[in-house]
Amino acid sequence: MGGLSMEELPLSALFEQARKIHLAASESGTDQDVVKKGCEMFQKCEDMIGKLGLFSSNETKEDISTNNLKYLLVPYYLAELTEKIIQEDRIQIVKASYAKLKEFFSFCEAMELVPDEELEASSRSSGAPADRRALKIARFKRQKAAEAKLLEIKERKERRGRSTKAAALSTPVESGEDDIPDDDSEEEREAWLSSINLAICKAIDLLEMLKREEEMLSAIKERQLKDGEDGFSRDALDDRTKKAETWHRDAAARIQYSKPAQPITCATFAQDVLEGRASVSQGHDHKNQPLIFGPASIVGGPLSTERERMIAQVFQPSHRMPTMCVEDAGLTEMNIMNDWQEQTKKAIEEATTSWYNDKPLRRKEEDEEDDDEDEEAVMKARAFDDWKDNNPRGAGNKKLTPCG
């Protein structure tokens, strides 16, 4: 059958060959000649379907036979293949693909295959963003359910084929009987209905995408007609590119002979101070400048109005910034340490000089204090002895003794 021309092929064989081209084009980029050939084959399928009168506007999906269900997908496959054609006038391709998708959608609507929520959405020109989002989520779930159903049917067929082949190997059969096709019409009908449901979900998304693309292409074309034949001329773009390349090349040549910038020497100066080669009092021009945030027009200028103050507070870091560089902090700590050492040295000198000079005077004062304390202790001891003579032990408990 491979040697027959397109006109000589029956509808089923022509549809299968065109469907293989569509599958190959969907999985990877296919040659444009093959894509155009697939479009011609699907167009031939449409002509044959029309001549055979397979579908009627008075029918519903229950009235269509299982063998003819797959031909409902012809306009959808044709629209997807048409969209992949590459040519200069893209608007023409978009319009042709959009028209075929609308034809497919309208026929599925007549066959009662489109969900009610999609019909309501298509009747409305626009809806709330939340409603559109919910509709997209429901459509995505239907698409995943259809894909899962097709995968399940495919795996079921493969399992059944393997079991049939195993049974044929164990049982002697006549030649040719092992190629008996699977005539499970119910399963085949379920598979084609799932394929149609999947195509409806994809067609709605593709319709929205093509509509937006057509609007953008039309706007661009209108703008080009208004601005001139090509808008930006190729000569202007080439001239702009040449200027940029010349600037970069000259800058690369200049950098080889330019004088290098002076390095920042704050860390070196601090090291010199630590090792005694320089003094802290020596002047030094620090190169580290504090980071400045905010618009260049506001930073460093007087904030005269409330608006300028608010603008200056826009681009601020989320953390507290340092108020000095590392070298400044090191020098400040060195100054603090030098002051502390000088104070400590002075305190030690005062302590060592005044301690020995004031020691005799302190001893005399301490001896006088000890004498006063001794006299007071003797007087307290004598008074306590006199009190014990007048109050013998147990004198106050006479009434508590049983025989007193």
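The largest nonpolar core of this predicted model has 47 residues, and those with the most contacts inside it are Phe15, Phe42, Leu101, Phe104, Ile196 and Ile200. At least two residues of this core come from each of α1, α2 (32–52), α4, α5 (90–110) and α8, and the largest share, 9 residues, is that of α8. The protein around this core has 13 helices and 0 strands, and 21% of its 404 residues count as buried.

**Overall architecture**

- Read from the N terminus on, the elements of the protein run α-α-α-α-α-α-α-α-α-α-α-α-α, in keeping with the count of 13 helices and 0 strands.
- When contacts in the protein are limited to residues at least 6 apart in sequence, 71% of them join residues that are at least 24 apart.

**Core residues and their neighbours**

- Phe15, one of the residues with the most contacts inside the largest nonpolar core, touches Phe42, Cys45, Lys70, Tyr71, Val74, Tyr77 and Trp192 when residues up to four places away in sequence are not counted.
- Tyr71, which is among the residues touched by Phe15, is placed in the loop between α3 and α4, and Tyr71 is buried despite this loop position, with a relative accessible area of 7%.
- With residues up to four places away in sequence again left out, Tyr71 touches Leu11, Ser12, Phe15, Ile49, Leu54 and Phe55.
- Tyr71 and Glu46 are separated by 25 residues in sequence, and their C-alpha atoms are 8.6 Å apart in space.

**Helix α4**

- Why is α4 described as largely enclosed by the rest of the structure? The description holds because 10 of the 10 residues of α4 are buried, buried meaning a relative accessible area under 20%.
- The buried residues of α4 are Val74, Pro75, Tyr76, Tyr77, Leu78, Ala79, Glu80, Leu81, Thr82 and Glu83, and two of these, Val74 and Tyr77, are in the set that Phe15 touches.
- Helix α4 supplies at least two residues of the largest nonpolar core, and α4 (74–83) likewise supplies at least two residues of the lining of the largest pocket.

**The largest pocket**

- About 1,100 Å³ of space lies in the largest pocket, which is lined by 30 residues, and of these Arg19, Leu23, Tyr77, Leu150 and Ser195 lie nearest its centre.
- Each of α1 (11–27), α4 (74–83), α7 (129–170) and α8 (185–227) supplies at least two residues of the lining, and α8 gives the most, with 8 residues.
- Sorted by class, the lining of the largest pocket is made up of 13 nonpolar, 3 polar and 14 charged residues.
- Tyr77 links several of these topics, since Tyr77 is buried in α4, is touched by Phe15 and is one of the residues nearest the centre of the largest pocket.

**Asn68 in helix α3**

- Asn68 has its place in helix α3 (residues 66–69), and with a relative accessible area of 19% Asn68 is classed as buried, because the cut-off for that class is under 20%.
- A polar contact of 3.1 Å joins the side chain of Asn68 to the side chain of Ser65.
- Once neighbours within four places in sequence are set aside, Asn68 is in contact with Leu54 and Phe55, and both Leu54 and Phe55 are also among the residues that Tyr71 touches.

**Two loop positions with greater accessibility values**

- Glu112 is found in the loop between α5 and α6 (116–123), where Glu112 is exposed, with a relative accessible area of 52%.
- The phi angle of Glu112 is near 60 degrees, which is a positive value in a residue other than glycine.
- Asp31 lies in the loop between α1 and α2, and at 45% relative accessibility Asp31 counts as partly exposed.
- Asp31 and Ile85 are 54 residues apart in sequence, while in space the two are 9.7 Å apart, C-alpha to C-alpha.

How values were computed: Residues numbered from 1 in each chain as written. Predicted model: local features only at pLDDT ≥ 70, side-chain atom pairs only at ≥ 80, totals over all residues. Heavy atoms only, no water. 1 Å grid on protein atoms, 1.4 Å probe; cavity = no way out; pocket = protein on both sides within 12 Å on 5 of 7 lines; lining within 4 Å. Points joined across faces, edges and corners; volume = space filled by probe spheres on them. Helix = DSSP H or I, 4+ residues; strand = E, 2+ residues; numbered from the N terminus. Nonpolar A, V, L, I, M, F, W, Y, C, P; charged D, E, K, R; others polar. Buried < 20%, exposed > 50% of the residue type's maximum accessible area, 1.4 Å probe, protein only. Polar contact = N/O pair within 3.5 Å; in protein donor to acceptor, adjacent residues only side chain to side chain. Contact = heavy atoms within 4.5 Å. Core = buried A, V, L, I, M, F, W, Y, C linked by side-chain atoms within 4.5 Å.
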